[in-house]
Amino acid sequence: MTTNTDGAPIRVRRYSGMARINHWVVAITFVGLMLSGLALFHPALYPLTALFGGGPTARWLHPWMGVVLVVAFLGLFLRFFWQNLPETTDFV
């Protein structure tokens, strides 16, 4: 751990609270979409719908989780787009 001149540890804030929340929304909706999509895709995986309260609930919840995922991805895209543009120092 790095310390400053008075011996206190230096804290580096890597991501804001909103970036972390956005990341977890993307992660949770991705897993939810994966599980509900698999449950709706093949009859052998239908028992996975119990995680969402049954088949009908999984059927209407799946598209809404997709909308939430798209909006959250858009938030991440807008947050990081400008930071990922090439700079002249990238080509030296």
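Exposed, for these notes, means over 50% relative accessible area, and buried means under 20%. I'm working on a predicted model, so everything below is read off that.

**Entry 1: Phe41**

I started with Phe41, which sits in helix H1. Is Phe41 buried or exposed? Its relative accessibility is 66%, so I put it down as exposed. I also looked up its separation from Gln83: the pair is 42 residues apart in sequence, and the C-alpha atoms are 38 Å apart in space.

**Entry 2: helix H1**

Next I checked the helix that holds Phe41. H1 runs over residues 17-41, which makes 25 residues. At 1.5 Å a residue I'd expect a span of 36 Å, and the end C-alpha atoms are indeed 36 Å apart, so the two agree.

Which residues of H1 are buried? I got Ala19, Asn22, Val26, Thr29, Gly32, Leu33, Ser36 and Ala39. An α-helix has 3.6 residues a turn, so residues three or four places apart point the same way. As for what covers them, the buried residues of H1 pack against helix H2, residues 55-80.

**Entry 3: Leu33**

I picked one of those buried H1 residues, Leu33, for a closer look. Its relative accessible area is 14%, and the cut-off is under 20%, so Leu33 counts as buried.

What does Leu33 touch, leaving out residues up to four places away in sequence? I noted His62, Met65, Gly66 and Leu69. I then took the C-alpha distance to Met65: 6.4 Å in space, with the two positions 32 residues apart in sequence.

**Entry 4: the nonpolar patch**

On the surface I found a nonpolar patch made of Leu74, Phe77, Leu78, Phe81, Trp82 and Leu85. Together these residues have about 650 Å² of accessible area. I looked up one member, Phe81, which lies in the segment after H2. With a relative accessible area of 33%, Phe81 is partly exposed.

**Entry 5: the whole chain**

Then I stepped back to the chain. How many helices and strands are there? I counted two helices and zero strands.

For overall dimensions, the C-alpha trace spans about 60 × 35 × 20 Å along its principal axes. The radius of gyration is 20 Å, whereas a compact globule of 92 residues would come out near 12 Å.

Buried residues make up 18% of the 92 in the chain. The chain exposes about 7500 Å², with carbon and sulfur atoms supplying 70% of that.

Last, I checked contacts between residues at least 6 apart in sequence: 47% of them join residues at least 24 apart.

Notes. Residues numbered from 1 in each chain as written. Predicted model: local features only at pLDDT ≥ 70, side-chain atom pairs only at ≥ 80, totals over all residues. Heavy atoms only, no water. Helix = DSSP H or I, 4+ residues; strand = E, 2+ residues; numbered from the N terminus. Expected span 1.5 Å × (residues − 1). Buried < 20%, exposed > 50% of the residue type's maximum accessible area, 1.4 Å probe, protein only. Contact = heavy atoms within 4.5 Å. Patch = residues over 30% accessible without salt bridge, like charges linked within 9 Å, V, L, I, M, F, W, Y side chains within 5 Å. Areas by Shrake-Rupley, 256 points an atom, 1.4 Å probe, with all protein chains shown as cover. Salt bridge = Lys/Arg side-chain N within 4 Å of Asp/Glu carboxyl O. Rg over C-alpha atoms; globule rule 2.2 N^0.38 Å.
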